[in-house]
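Subject: Handover of a structure and findings

Dear colleague,

Please find the structure below, handed over for your use. The findings follow directly after it.

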Amino acid sequence: MIVGRIVASLLLLAALGLFAYEIVGAISGGGYDMVAGGKLWAEIHANSLIGFQALIEKNISPWLWGEIVLPILLGPAWAIAAVPGLVLALVCRRRRKKQGHR
């Protein structure tokens, strides 16, 4: 569970940083320019994005890429990091121990 909390924290921190990047760009540039997750991935390592697309289309199903994965990658990068971070944080949160009746 500790690993899940660490990964959740890192994802949420990345989401916060990406959101701050967009906000600072909007303030300094005069307009909001969303950073798409797929665009960010392509800028970091385009070959892995192409390989991931081929993996999905050949081994699972071509419709999965076009109908599910691609729309997700066109969304804001901060949301792509925030959603799994929040889910992981909820799943891996510390639970209070129940106190017995005395």
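For the charges discussed first, Lys and Arg count as positive and Asp and Glu as negative, while His and the chain ends are left out. On that basis the chain carries 10 positive and 5 negative charges, and the mean positions of the two sets are 31 Å apart. Please note that this is a predicted model.

Overall fold and dimensions

The secondary structure consists of four helices and zero strands, which gives the pattern α-α-α-α along the sequence. Along the principal axes, the C-alpha atoms fill a box of roughly 60 × 45 × 20 Å. The radius of gyration of the chain is 18 Å, whereas a compact globule of 102 residues would have one near 13 Å.

Of the 102 residues in the chain, 22% are buried. The exposed surface amounts to about 7800 Å², and carbon and sulfur atoms supply 68% of it. As for contacts between residues at least 6 apart in sequence, 66% join residues at least 24 apart.

Aromatic pairs

A pair of aromatic rings is described by the distance of the centres and the angle of the planes. With ring centres required to lie within 6.5 Å, the count comes to three aromatic pairs. Phe19 and Trp78 form one of these, an edge-to-face pair with 5.2 Å from centre to centre and 70° between the planes. This pair links distant parts of the chain, since Phe19 belongs to helix α1 (residues 2–29) and Trp78 to helix α4 (residues 77–91), 59 residues apart. Phe19 has a relative accessible area of 36% and is partly exposed; Trp78, at 28% relative accessibility, also counts as partly exposed.

Another pair is made by Phe52 and Trp65: the ring centres are 6.1 Å apart and the planes lie at 70°, so the pair is edge-to-face. Here too distant parts of the chain are linked, with Phe52 in helix α2 (residues 37–60) and Trp65 in helix α3 (residues 62–73), 13 residues apart.

Is each partner in this pair buried or partly exposed? Phe52 counts as partly exposed at 29% relative accessibility, whereas Trp65 counts as buried because its relative accessibility is 7%, with the limit for buried set at under 20%. Phe52 and Trp65 also belong to a cluster, in which ring pairs link them with Trp41.

Yours sincerely

How values were computed. Residues are numbered from 1 along each chain as its sequence is written. This is a predicted model: local features need pLDDT of at least 70, side-chain atom pairs count only at pLDDT 80 or more; totals for chains, interfaces and linings use all residues. Side-chain values use heavy atoms; hydrogens and water are left out. Rings of Phe, Tyr and Trp (its six-membered ring) pair if their centres lie within 6.5 Å; planes under 30 degrees apart count as stacked, over 60 as edge-to-face and the rest as tilted. Helices (H or I, at least four residues) and strands (E, at least two) are DSSP runs, numbered from the N terminus. Buried means under 20% relative accessible area, exposed over 50%, partly exposed in between (1.4 Å probe, protein chains only). The radius of gyration is taken over C-alpha atoms; the globule rule is 2.2 Å times the number of residues to the power 0.38. Contact means heavy atoms within 4.5 Å. Accessible areas come from the Shrake-Rupley method with a 1.4 Å probe; for residues, only the protein chains shown count as cover. The place of a charge is taken as NZ of Lys, CZ of Arg, CG of Asp or CD of Glu.
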